Protein chains: 2
Amino acid sequence: MQLFLSKFKNKIDQKGRVSIPSQFRSILFQDGSQKMFCYPSLDAEAIDAGGDSLSREIYALMDNLDPYSDEKDFLSTALFGLSEELRIDSDGRVIISDALIQHAQINDEVIFVGLGQKFQIWEPNRFSNYLQEAQKKVREQRLLLSKKNKGF
Amino acid sequence: MQLFLSKFKNKIDQKGRVSIPSQFRSILFQDGSQKMFCYPSLDAEAIDAGGDSLSREIYALMDNLDPYSDEKDFLSTALFGLSEELRIDSDGRVIISDALIQHAQINDEVIFVGLGQKFQIWEPNRFSNYLQEAQKKVREQRLLLSKKNKGF
DNA sequence: AAAAATACCATGATATCCCATAAATACCCA
DNA sequence: TGGGTATTTATGGGATATCATGGTATTTTT
């Protein structure tokens, strides 16, 4: 299976269009769909996105819930209500909806960040801040680890 | 199978007409019917709606209940008594009945919210309140989910 | 006849398609 | 290996189609 890797910075034009990085695009196209599935990230000011496999994963998750439970009502509102299947146009671009733009505080540039099974879309500055934080955490963790595991 | 996803805000005009979001409309039309099936949401101040598959589902649900039970009486009153099949006009609009308008406390704008198999129609402010609540609940429940669903 | 429902038409905004261009990348062959 | 050519890719713009929405006319209902 192909993974989403690396990161790419692209511009949003006046009509709101962004090119999906071609590497990512070709993965999305693999299952034949012309859509990019996406939704606001649960714990970051970013957009989570992926292809058919990601959306199927989420649909399956919903299917397992009791149809008439509060749990399902809340989840389906928060997930289905906020997720979108963006059409990929003939030039490989999408138009990100206002709601998602706002959630991720995006202006006229975005960074696509590969996360393996899915990828995220960030406002560039926010992403570099997030990355720094993450790296800091990793270093701290490593200090803890290195006491037990020399040479790592 | 096509699912109802995302949300759309539309206006109600002086004659009481609302456009069904075209994405939703095309799903409704798939089973050939020119109708939108709807009824007052059982546990929210909103309208539940969908196509033929939803109405069939509800019929099936009723069939499974003991014919002479209170449960069936109650449900058939709550659902069938108040459910309607709204004609979709040539421009893709419907007229929502007074009873449903009142149940959902709707004025001159509504939000259509995709929930997968069906969708809901909300008064915008009420929906944003409900959404906040739903997101809060989802975050609380999230630890449970993440153990089973990595990467989500 | 009055009121409601339905069909039909008009318009601005937006999305989609199609083409152009420049930069980046891949490709090829001496 | 290097240097040049072909392809791909990101991005912009104009033309076209679609959509939401308002309005008018016609039909149906009561």
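Which strands of chain B does helix α2 lie across, and at about what angle does the helix run to β3(B)? I shall open with that question and then go through the fold of each chain and the interface. Please keep in mind throughout that this is a predicted model.

The answer is that helix α2 of chain B, residues 52–63, lies across β3, β4 and β5 of chain B. Its direction is at about 45° to β3(B).

Those strands belong to an open sheet of six strands in chain B, and the order across the sheet is β1-β7-β8-β4-β3-β5, with antiparallel pairing. At the edges we find β1, residues 7–11, and β5, residues 84–87, of chain B, and each of them pairs on one side only. Going from one strand to the next, the twist averages 30°. For those new to the subject, strands of a sheet pair through backbone hydrogen bonds, and the pairing may be parallel or antiparallel.

Let us take one pair as an example. Strand β3 of chain B, residues 35–40, runs antiparallel to strand β4 of chain B, residues 47–50, and four bridges join the two. Within this region of the structure, you can locate B:Cys38, which stands opposite B:Ala49 in β4(B).

I now turn to chain A. This chain has five helices and eight strands. Read from the N terminus, its elements follow the pattern β-β-α-β-β-α-α-β-β-α-β-β-α. The C-alpha trace of chain A spans about 50 × 45 × 30 Å along its principal axes.

Chain A also holds an open sheet of six strands, ordered β1-β7-β8-β4-β3-β5 with antiparallel pairing. Why do β1 and β5 of chain A each have one side without a neighbour in the sheet? Both stand at the edges and have a single partner strand each, so one side is left free of a neighbour. In this sheet the twist averages 30° from one strand to the next.

The partner of the edge strand β5(A) is β3(A), and the two pair in the antiparallel sense over four bridges. Here A:Lys35 stands opposite A:Arg87 in β5(A).

Two helices of chain A pack on this sheet. Helix α1, residues 22–30, touches β1, β3, β4, β7 and β8 of chain A, and its direction makes about 60° with that of β7(A). Helix α2(A) touches β3, β4 and β5 of chain A, and its direction makes about 50° with that of β3(A).

Finally, we come to the interface. Here 26 residues of chain A are in contact with 28 residues of chain B. The area buried between the two chains is about 2,300 Å², and carbon and sulfur atoms give 65% of it. Which residues of chain A lose the most area to chain B? They are A:Leu42, A:Phe74 and A:Thr77, which together account for 29% of what that side buries.

As for polar interactions, the rule finds zero salt bridges across the interface of chain A and chain B. It does find five residue pairs in polar contact across this interface.

On the side of chain A that touches chain B, the elements giving two or more residues are β3 (35–40), α2 (52–63), α3 (70–80) and β5 (84–87) of chain A. The largest share, ten residues, comes from α3(A). By class, this side of chain A has 14 nonpolar, four polar and eight charged residues.

Terms used. Residues are numbered from 1 along each chain as its sequence is written. Chains are lettered from A and ligands numbered from 1 in the order in which they are written. This is a predicted model: local features need pLDDT of at least 70, side-chain atom pairs count only at pLDDT 80 or more; totals for chains, interfaces and linings use all residues. Side-chain values use heavy atoms; hydrogens and water are left out. Contact means heavy atoms within 4.5 Å. Buried area is the accessible area (1.4 Å probe) that two parts lose on being put together, summed over both. A salt bridge is a side-chain nitrogen of Lys or Arg within 4 Å of a carboxyl oxygen of Asp or Glu. A polar contact is a pair of N or O atoms within 3.5 Å; within protein, one must be able to donate a hydrogen and the other to accept it, and residues adjacent in sequence count only if both atoms are side-chain atoms. Ala, Val, Leu, Ile, Met, Phe, Trp, Tyr, Cys and Pro count as nonpolar, Asp, Glu, Lys and Arg as charged, and the others, Gly among them, as polar. Two strands pair if DSSP finds at least two bridges between them. Axes are lines fitted to C-alpha atoms, for helices over the stretch in contact, and angles run from 0 to 180 degrees between N-to-C directions.
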